[in-house]
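Biologist: I am new to this structure and would like to learn how to read it. Could you walk me through a few features?

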Amino acid sequence: MAVGLTLIFGVMRVVNFAHGDMMVWGMYLAFVLATRAGIDPYLSFAFCAAALFVLGVAVQRGLVDRIVDAPHEMQILLMLGVALVLENLALAVFGPEPARIRSALARLTWEVGPLYVDVARLVTFVVAIVLTLALWLFLFRTELGRLIRASADNPYGARVIGADVRRIYAAAFGIGAACVGAAGALVAPILPFQPTTGLSLSVTSFNIVIIGGMGSLVGAFVGGLLVSVAESLGAVFLRPSLKELFSFGLLILILLLRPAGLFGRRAA
Amino acid sequence: MRTAAALVAVAVLLALPAVLNAYALTIFILILFYAFLAQAWNILGGYAGQLSVGHAAFVGVGGYTSAMLAAHWAVTPWLGMLVGAGLAAVLGAIIGYLGFRFGLRGFYFVLLTVAFAEVCRILVSNIDALGGALGLYITFTGDPRQFQFQDQRVYYYVALALTLLATGMAALIERRRFGIYLTAIRDDEGACEALGVDTFRYKMLAMVVSSFLTGLGGTFYAFYLFSLQPNTVFGIPLSVEIIIRPIIGGAGTLLGPILGSFILTPLAELSRQYFGQSGLHGAHLIVYGLLLVSVVLFLPHGAYPYLRRLFKRA
């Protein structure tokens with residue numbers, strides 16, 4: 001999911017505080033599809049991605065587009081507003097109780113030698129890798145992908161060569177949101193979730209993106225691994241409730257020592 | 001003229017408890033308390049333009065300090081209030097030193113403040129001596145020396161005094177060279193440095209004043225509500241409560257935070273009560289979100305400057 005955030009931030013320099021809440025909407029969408037229509041989240045994630053794509057484009061076109069040139073602070077506040085609305089709409093619609101999706105896959109485990117592998121987690125992991133690869137291919141091998149990267153590097157230059165920067169921003173925001181929607185649906189069978197999960201998901205993904213490096217896909221991926229490993233180790237060696245301390249500690253260190261992140265280029 | 005208007009406003013606020021019923025009084029206590037926190041934030045976030053989304057940490061440090069001092073060392077919260085605010089200022093100085101020394105701006109500074117507040121929250125929830133995740137509860141004695149009052153009106157006057165203190169502080173800063181430096185830093189930090197202004201020093205000063213005042217608020221919070229939970233006093237939602245009022249009222253103006261609190265606090269309380277009964281929790285936060293979005297889109301300087309222009313034209 002951090003991949004989606006890094007795309008939005010990297011391209012548009014817009015800080016999406018509503019990221020985690022978009023993901024929660026992806027989860028609930030998968031939840032509704034699973035309970036009402038009986039569609040397994042491992043299939044419905046494509047639909048969730050499409051729905052979130054539409055939401056992302058709508059937010060970008062309707063709101064962010066109007067203040068793309070405004071100071072950074074205004075965008076942060078704008079997205080904070082969007083986040084509050086999304087989170088509490090979810091709370092109003094779905095109620096505060098934690099939800100969880102039962103998937104047939106989630107009950108399976110495979111025995112591989114001495115290890116037990118949880119099939120659901122494995123599938124999620126594999127799909128995440130496939131999606132990251134697909135996104136990478138898209139960004140580096142297709143015309144639209146090149147234009148997105150060009151607008152990120154130099155919006156003025158992109159306009160000079162005739163790119164419709166506003167449309168490209170909308171596409172980038174939409175794709176970023178779609179990644180989050182897919183991620184939400186894929187994680188839903190593993191993690192129980194509730195509307196307030198959105199905030200901590202946003203914070204976690206900011207951690208990941210900052211640690212990995214703004215605007216870098218590899219960075220987002222490595223950052224994600226690093227944060228989860230740090231948190232798991234923290235949970236094993238200290239108390240589980242202290243595990244977030246490690247990711248925040250890591251975040252503060254990275255912010256101070258290498259604000260561009262491990263894989264990021266120094267932003268101007 | 002301005003002094004006269006201010007005196008009339010203060011006189012009205014002083015006389016108000018006489019005519020309010022208990023429920024309205026509670027709302028006014030909250031309005032004033034949040035106006036105070038908003039004003040404290042405004043010194044750093046409004047005038048100096050350093051967006052802190054971690055101000056809840058200062059409330060938490062201030063509240064926990066005075067509550068612990070009162071419970072274990074029998075130190076009166078009136079004194080504990082100052083100690084707590086002092087510690088909050090120390091924390092503010094640490095965050096400010098790191099943030100400003102390493103030149104974190106905009107979003108990076110926001111994240112640094114969030115990260116510090118979250119670290120505080122996690123630490124406090126894991127320290128059993130501080131009550132852990134359950135938090136601290138304060139036994140009600142009604143003893144004024146313990147910062148506890150039978151009569152709600154006393155809380156009102158304390159909140160009013162705090163608001164006046166922070167507003168007086170902001171007014172003082174606004175008129176001095178310090179305030180001009182701060183707005184100059186907000187508008188163009190590079191140009192400021194080029195003119196030889198020690199931006200680091202003034203940002204630090206703003207941070208320390210702001211966190212000290214916010215820390216004072218922590219004690220009020222603790223002894224007004226009689227409980228402190230790490231997730232509420234250190235959490236991001238409280239930080240959002242603190243920043244949203246000045247932003248909507250008008251950041252970087254003297255009356256903006258107060259106006260923001262007078263708009264938002266009753267709105268939040270009413271929608272909480274009205275929708276909360278029908279099981280819709282978080283309705284006030286939807287209102288916050290919508291207001292925030294529309295203020296950013298249509299009134300980027302906040303409500304107060306807009307109203308002032310309206311009146312000047314009329």
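Biologist: Let me start with a pair of helices: which residues in α2(A) meet which residues in α8(A)?

Modeller: Please keep in mind that this is a predicted model. On the α2(A) side, the residues are A:H19, A:M22, A:M23, A:V24, A:G26, A:M27, A:L29 and A:A30. Their partners in α8(A) are A:A177, A:V180, A:G181, A:A183, A:G184 and A:A185. Sorted by class, this contact has 10 nonpolar, four polar and no charged residues.

Biologist: At what angle do helix α2 and helix α8 of chain A pack?

Modeller: An angle over 115 and up to 145 degrees, or from 35 to under 65, counts as oblique. Here, residues 19–37 and residues 165–187 of chain A form helices that pack at about 50°, and their axes are 7 Å apart. The two helices are therefore oblique to each other, and α2(A) passes α8(A) in a right-handed crossing.

Biologist: How many helices and strands does chain A have?

Modeller: Chain A has 11 helices and two strands. Reading from the N terminus, the order is α-α-α-α-β-β-α-α-α-α-α-α-α. Of the 268 residues in chain A, 52% are buried.

Biologist: And how many residues does each chain give to the contact between chain A and chain B?

Modeller: An interface's size is often given as the accessible area lost when the parts come together. Counted in residues, this contact takes 36 from chain A and 34 from chain B. On the chain B side, α5(B) gives the largest share, 12 residues. That side has 27 nonpolar, six polar and one charged residues.

Terms used: Residues numbered from 1 in each chain as written. Chains lettered and ligands numbered in written order. Predicted model: local features only at pLDDT ≥ 70, side-chain atom pairs only at ≥ 80, totals over all residues. Contact = placed C-beta atoms within 7 Å. Helix = DSSP H or I, 4+ residues; strand = E, 2+ residues; numbered from the N terminus. Nonpolar A, V, L, I, M, F, W, Y, C, P; charged D, E, K, R; others polar. Axes fitted to C-alpha atoms, helices over the stretch in contact; angles between N-to-C directions. Left-handed = near helix turned anticlockwise from the far one by under 90°. Buried ≥ 20, exposed ≤ 12 C-beta atoms within 10 Å, placed from the backbone.
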